[in-house]
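Student: I have a new structure to read. Can we go through it by short questions?
Tutor: Yes, ask away.

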Amino acid sequence: MLVGVPRELKNHEYRVAITPAGVVELVRRGHQVLVEAGAGDGSAIPDAEFRAGGARIVAQADDLWGEAELVLKVKEPVPDEFHRMRPGQTLFTYLHLAANADCTRAIVAAGIDAVAYETVQLPDGSLPLLAPMSEVAGRMSVQVGAHCLERNQGGRGVLLGGVPGTPAGKVVVIGAGVAGMNAAAIALGMQAEVIVLDTNVNRLRQIDFTYRGHLQTVASNAYEVEKACRWADLVIGAVLVPGAKAPTLVDNHLVSTMRTGSVLVDIAIDQGGCFADSRPTTHDDPTLRVHDSLFYCVANMPGAVPHTSTWALTNVTLPYVTALADKGFRQAVGDDPALAKGVNAVRGTVVQAEVAKAHGLPH
Ligand code: NAD
């Protein structure tokens, strides 16, 4: 099959949908891979590495889309790409179509098969193509939190690990899922004191068993969240209620009672945020001040580390990519219920009820 990987056009998107490892794997299986010139630049993967893996570098995106039977992307097509989609082509990428009427209409008009990373779902309900981005955001949250705690950033002036003879920094992680436990692991690695809160006590049992006293687990409720926040130098919000806006767990009054110069990182900002005063911020201007605390609320944290994010994402997409290339769209989704959940459109007909409902389309 002819697999095409264009350069991402969305503003500030530096990831790319394949690595040289993916190229080698596809070529080894007898497929041809076309990569647009410069597609890997933002992730520090030069054309030469793709070429060495067996890819053909294509100068013009129009030519690539014109030839490719399977197009791999990171983000949904932007308007400049709409005219490039062709009937019968398969597109595999993050789509988030329920929130994007223009892109949905373009996919319908083009008559393509569209598979969305974010709706690929394993039988246990987990979302394997979202997990790596939660891992990245979770690990980054402690790194950015530690930086914000520096005095010249407006923070309390606390070194998370302390030094011999001084107390370590105090880190509270609310939500012990993928992002939260990656945050906790990094905070422990920096030798901070760590408390993890979750409403799911079974989850806390597993964590307690794994960490054996190196961190404290606490059942999450308003009383415990308040107590933990007053104790903390750094609070990381990493909760998720599937399909719902994030619950508000820290209100303005509680922030007013927290330690001067404390830092709150709201990873859940992409779901509305779990602190009442959170507002989406950008990598260019990532923080806002609330009372005497500093909030960090960047909605696309993995965008700051595109090299790592590209490798993390493509590690998990590649098995699905090889299935689509080896078997073709129909058989690949027929054979794998997880991939079938990712299908958003078949030959231009929207098949996800939520997307169809959001845009008044039949399905
Ligand atoms: P997850 O489902 O793995 O974990 C969420 C956890 O929150 C679960 O353990 C759940 O029990 C817990 N929870 C729910 N309500 C709670 C409450 N009231 N108190 C305490 N815990 C509660 O989810 P995840 O993959 O770790 O994602 C966490 C959040 O990070 C999501 O909102 C996700 O969209 C977001 N995220 C943000 C970025 C970013 O760049 N900002 C990147 C990736 C993911």
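Student: How many aromatic pairs does a search of the whole structure find?
Tutor: Keep in mind that this is a predicted model. Rings count as a pair if their centres lie within 6.5 Å. On that basis, the number of aromatic pairs in the whole structure is three.

Student: Tyrosine 94 and tyrosine 117 form one aromatic pair. Is it stacked or edge-to-face?
Tutor: The centres are 4.9 Å apart. The planes stand at 80°, and an angle over 60 degrees has its own name. The pair of tyrosine 94 and tyrosine 117 is edge-to-face.

Student: How many residues apart in sequence are the parts that this pair ties together?
Tutor: Tyrosine 94 sits in the loop between strand 5 (90-93) and helix 5 (101-110). Tyrosine 117 sits in the loop between strand 6 (113-116) and helix 6. The pair therefore links parts of the chain whose separation in sequence is 23 residues.

Student: Is tyrosine 94 buried or exposed, and what about tyrosine 117?
Tutor: Buried means under 20% relative accessible area. Tyrosine 94 has 4%, and tyrosine 117 has 1%. So tyrosine 94 is buried, and tyrosine 117 is also buried.

Student: Which residues form one aromatic cluster?
Tutor: Two members are the tyrosines just discussed, 94 and 117. A phenylalanine joins them. The cluster is Phe92, Tyr94 and Tyr117.

Student: Why is the pair of phenylalanine 275 and phenylalanine 295 called edge-to-face?
Tutor: The ring centres of phenylalanine 275 and phenylalanine 295 are 5.8 Å apart. The label needs an angle over 60 degrees. The pair is edge-to-face because its planes stand at 80°.

Student: Where do phenylalanine 275 and phenylalanine 295 lie, and how many residues apart are the parts they tie together?
Tutor: Phenylalanine 275 is in the loop between strand 11 (263-266) and strand 12 (287-290). Phenylalanine 295 belongs to strand 13 (residues 293-296). Phenylalanine 275 is buried at 2% relative accessible area, and phenylalanine 295 is buried at 0%. The sequence separation of the parts they tie together is 20 residues.

Student: Now the ligand. Which residues come nearest to it?
Tutor: There are 28 residues around the ligand. They divide into 18 nonpolar, eight polar and two charged. The ones that come nearest are Ser134, Ala179, Asp198, Asp270 and Met301.

Student: Which helix gives the most to the shell around the ligand?
Tutor: Helix 6 (131-148), helix 7 (178-189) and strand 8 (193-198) each supply at least two residues of this shell. One helix gives three residues. That top contributor is helix 6.

Student: What is the distance from an oxygen atom of the ligand to the side chain of aspartate 198?
Tutor: Polar contacts are pairs of N or O atoms within 3.5 Å. A ligand nitrogen is 2.9 Å from a side-chain N or O atom of serine 220. Another contact puts a ligand nitrogen 3.2 Å from a polar backbone atom of valine 298. For the ligand oxygen and an N or O atom in the side chain of aspartate 198, the distance is 2.6 Å.

Student: What percentage of the accessible area of the ligand does the protein cover?
Tutor: On its own, the ligand has 870 Å² of accessible area. The share covered by the protein is 85%.

Student: Which helix gives the most to the largest nonpolar core?
Tutor: This core has 35 residues, and Ile18, Val35, Phe50, Leu72, Phe92 and Leu339 touch the most other members. Elements giving two or more residues include strand 1 (2-5), helix 1 (20-28) and helix 11 (306-327). One helix gives six residues. That is helix 11.

Student: How many residues are in the other core?
Tutor: The other core lies apart from the largest one. Its members include Val196, Val263, Val265 and Val298. Its residue count is 32.

Student: Is histidine 12 buried or partly exposed?
Tutor: Histidine 12 lies in the loop between strand 1 and helix 1. Its phi is positive, about 60°, although it is not a glycine. With 45% relative accessibility, histidine 12 counts as partly exposed.

Technical notes: Residues are numbered from 1 along each chain as its sequence is written. This is a predicted model: local features need pLDDT of at least 70, side-chain atom pairs count only at pLDDT 80 or more; totals for chains, interfaces and linings use all residues. Side-chain values use heavy atoms; hydrogens and water are left out. A residue is near a molecule or strand if one of its heavy atoms lies within 4 Å of it. A polar contact is a pair of N or O atoms within 3.5 Å; within protein, one must be able to donate a hydrogen and the other to accept it, and residues adjacent in sequence count only if both atoms are side-chain atoms. Accessible areas come from the Shrake-Rupley method with a 1.4 Å probe; for residues, only the protein chains shown count as cover. Helices (H or I, at least four residues) and strands (E, at least two) are DSSP runs, numbered from the N terminus. Ala, Val, Leu, Ile, Met, Phe, Trp, Tyr, Cys and Pro count as nonpolar, Asp, Glu, Lys and Arg as charged, and the others, Gly among them, as polar. A nonpolar core is a set of buried Ala, Val, Leu, Ile, Met, Phe, Trp, Tyr and Cys residues joined through side-chain atoms within 4.5 Å. Buried means under 20% relative accessible area, exposed over 50%, partly exposed in between (1.4 Å probe, protein chains only). Rings of Phe, Tyr and Trp (its six-membered ring) pair if their centres lie within 6.5 Å; planes under 30 degrees apart count as stacked, over 60 as edge-to-face and the rest as tilted.
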